[in-house]
Amino acid sequence: MKEFFKMTLATMCGIVLLSVVAGILFMISLVGIMASDSAATKVKENSVFVLKLKGVVDERAEEGSPFSSLLNEADMEQMGLDDLLASIKKAKDEDEVKGIYIEGGIASFDSPATAQQLRDALLDFKKSGKWIIAYADQYMQTSYYVASVADSVFLNKTGMVDFKGLGGKYQYMTGLYEKLGIKYQATRVGKYKSAVERVTRKDMSDNDREQRTAYLQGVWQHMLNDMADSRKVTAQQLDQLASDSIMAFANANDYVKAKLVDGLMYPDEIKKLIKDKLAMGDDDEDINQLTLTDMIGVKSKKKEDGDKIAIYYAYGEIVDKVASSFSSEQNIVGSTTVEELNKLAKDDDVKAVVLRVNSPGGSAVASEQIWHAVQQLKEKKPVVVSMGGLAASGGYMISAGASYIIAEPTTLTGSIGIFGLIPNLSGLVTDKLGVTFDGVKTNRYGDFEENLVMAKDNSEELRYMQGYVDRGYETFLNIVGQGRSLTRDEVDSIAQGRVWLATDALPIKLVDQLGSLDDAVKKAAELAKLEGEYYTATYPEKTDWIDNLFDSEKNKGSYLDSELRTLLGDLYEPVMQLRMDQQRNRLQARLPFSTKVE
């Protein structure tokens, strides 16, 4: 009997082990097949690139799972601007791609400049002589701005166009924190450095209103001019539409009369129109469609010949370390970025570096460390900054020392200022919860950190903190002055924490040129005196989907972030900001507001 059980157990273990091994081999084979298939998409004759404006468009998207395409999750859930621009360029060069079909919808862009760059790429695509058709059940405003570049713009017969101008309400949490017994203590330099006002005021300051108004008016005028040029109307006519009524509630026929769209159609009618464009006739043959995922897999016709120019992506908040496992947001980690820039400096194959910056800033200490690494890199090879939607505050600090700075017209930059923000919890912990504090110390300021957060009277500690912030501001002024060949007072006159639209930043010498990432690459090649062919390579490398699968911290952060958003609703933002403020570096060079648009 004993031998029977031993044999039975051995057999069961063998079956389990065989199943595990077979499963692993099956998964490896399946992934290999899918990976090889996606690595080189074959473009069929008479194809159309279908660009769906739904989801979130960020500066860059990490690699997804190879199974996502099977689940229809790959396209437009989260898109990288880099993938979009590369795909449009490949569609332009690929003979069998006859046109682009834009399917409008609810898309969120991390900034107006991101939408503008996508639109500019589509405009460049049209130079090939190929067509672009746009259609949607509803166009959100920024999606419409992108889609308006099309040769023809159509709308569902019961559709909607959200066309209203730019603006919105901003949350001020001071009243909420007062009820909780929390008081934020701000030390800052720069009358426009309004990042602290969300927790120290209950309304917008005049200085903040001034800079926000200038920024929004500048962006809106740029959008109006672009749309007016494509739609063959005047910018004034479009501006009046947004002022006269709520266009989102208009009759669909009114959009045609206003020339926002060319016609109203049902989906089957737009399908027939595209078939006519492809000369397919009325048969039941399917249209050969290429999704964004497909286009990423299309092999580029540009060969990697000649000298290498590195494009290093620095996007997200600048932090000393990843601040919270709850957040799945992309960050620029100071020490990691410095290490990677040092590697580029030592890489003899890299002849020049384009630093692609899309950041609202963050830790002033980490920003200065990155600036120093850029200086060391510049000693060995040219460094050209290409500014995306944001290169403000700390994002501007890491850019200021570059050999040359190129910004998109709607880039938000500047915000040269420093602040410190520390929550005082004495009203909550002592007054409301009844917790008291006492202790011993060897030196007068041995408990200064506890006093800043918990003491009723911490005026002396705040005075020292203000001095720390003042020195940080002087450092910032010197960095900008050195990089932009300006005196300390010249920088101070355009600093004070004020944000600038790139078109306004150009004449005050904060940037050297308005242009795209491609323009920055060309400038880098020029400064490096590259006479022959050159190609670009992007850094840091995108995270592999397998790494993401086994990165428990990243998965945990994404999951918890999603669950907290659902649970807290409108309270999510103030709760997370309170947590982040506790973990951020005391010295901050960070933009006062978000630039996300829909």
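**Salt bridges, strands and surface of a predicted model**

Q: What separation, in turns, lies between D492 and R488 in helix α18?
A: Both residues belong to helix α18 (residues 488-494), where helices are DSSP runs of H or I with at least four residues, strands are runs of E with at least two, and both are numbered from the N terminus. D492 and R488 are 4 residues apart, so the separation is about one helical turn.

Q: What kind of model is this?
A: Residues are numbered from 1 along each chain as its sequence is written, and side-chain values use heavy atoms, with hydrogens and water left out. Local features need pLDDT of at least 70, side-chain atom pairs count only at pLDDT 80 or more, and totals for chains, interfaces and linings use all residues, since this is a predicted model.

Q: Which residues are linked with D492 in a network of salt bridges?
A: Side chains of opposite charge can pair when their charged atoms come close. A salt bridge here is a side-chain nitrogen of Lys or Arg within 4 Å of a carboxyl oxygen of Asp or Glu, and D492 forms one with R488, the closest N and O atoms being 3.7 Å apart. The network that holds D492 also includes E474, R488 and D489.

Q: Is D492 buried or exposed?
A: Buried means under 20% relative accessible area, exposed means over 50%, and partly exposed lies in between (1.4 Å probe, protein chains only). R488, with a relative accessible area of 32%, is partly exposed. D492 has 18% relative accessibility and therefore counts as buried.

Q: How many salt bridges does a search of the whole structure find?
A: One of them joins R212 to D208, with the closest N and O atoms 2.8 Å apart; both residues lie in helix α7 (residues 206-231), 4 residues apart. R212 is buried at 8% relative accessibility, and D208 is buried at 1%. The search of the whole structure finds a number of salt bridges equal to 24.

Q: In which helix is E460, the salt-bridge partner of R444?
A: The closest N and O atoms of R444 and E460 are 2.9 Å apart. R444 is exposed, with a relative accessible area of 57%, whereas E460 is partly exposed at 25%. The pair links distant parts of the chain, 16 residues apart: R444 is in the loop between α15 and α16, and E460 is in helix α17 (residues 459-484).

Q: In what order do the strands of the open sheet stand?
A: Two strands pair if DSSP finds at least two bridges between them. Strand β2 (residues 55-58) pairs with β5 over 3 bridges, and with β3 over 3 bridges. The sheet is open, its 3 strands pair in parallel, and their order is β3-β2-β5.

Q: What angle does the direction of helix α2 make with that of β3?
A: Angles run from 0 to 180 degrees between N-to-C directions, with axes as lines fitted to C-alpha atoms, for helices over the stretch in contact. Helix α2 (residues 81-93) packs on the sheet and touches β2 and β3, contact meaning heavy atoms within 4.5 Å. Its direction relative to that of β3 makes about 65°.

Q: Which residue of β4 is the bridge partner of V48?
A: Strand β1 (residues 47-52) has 5 of its 6 residues buried, so it is largely enclosed by the rest of the structure. β1 runs parallel to strand β10 (residues 288-290), joined by 3 bridges, and V48 has Q289 as its partner there. With strand β4 (residues 97-103), β1 shares 6 bridges, also parallel. In β4, the partner of V48 is G99.

Q: What area has the nonpolar surface patch that includes V435?
A: V435 lies in the loop between α15 (426-432) and α16 (448-454), and is partly exposed at 36%. Patches join residues with over 30% relative accessible area and no salt bridge: like charges within 9 Å, nonpolar side chains (Val, Leu, Ile, Met, Phe, Trp, Tyr) within 5 Å. With areas from the Shrake-Rupley method and a 1.4 Å probe, only the protein chains shown counting as cover for residues, the patch of L433, V435 and F437 is about 300 Å².
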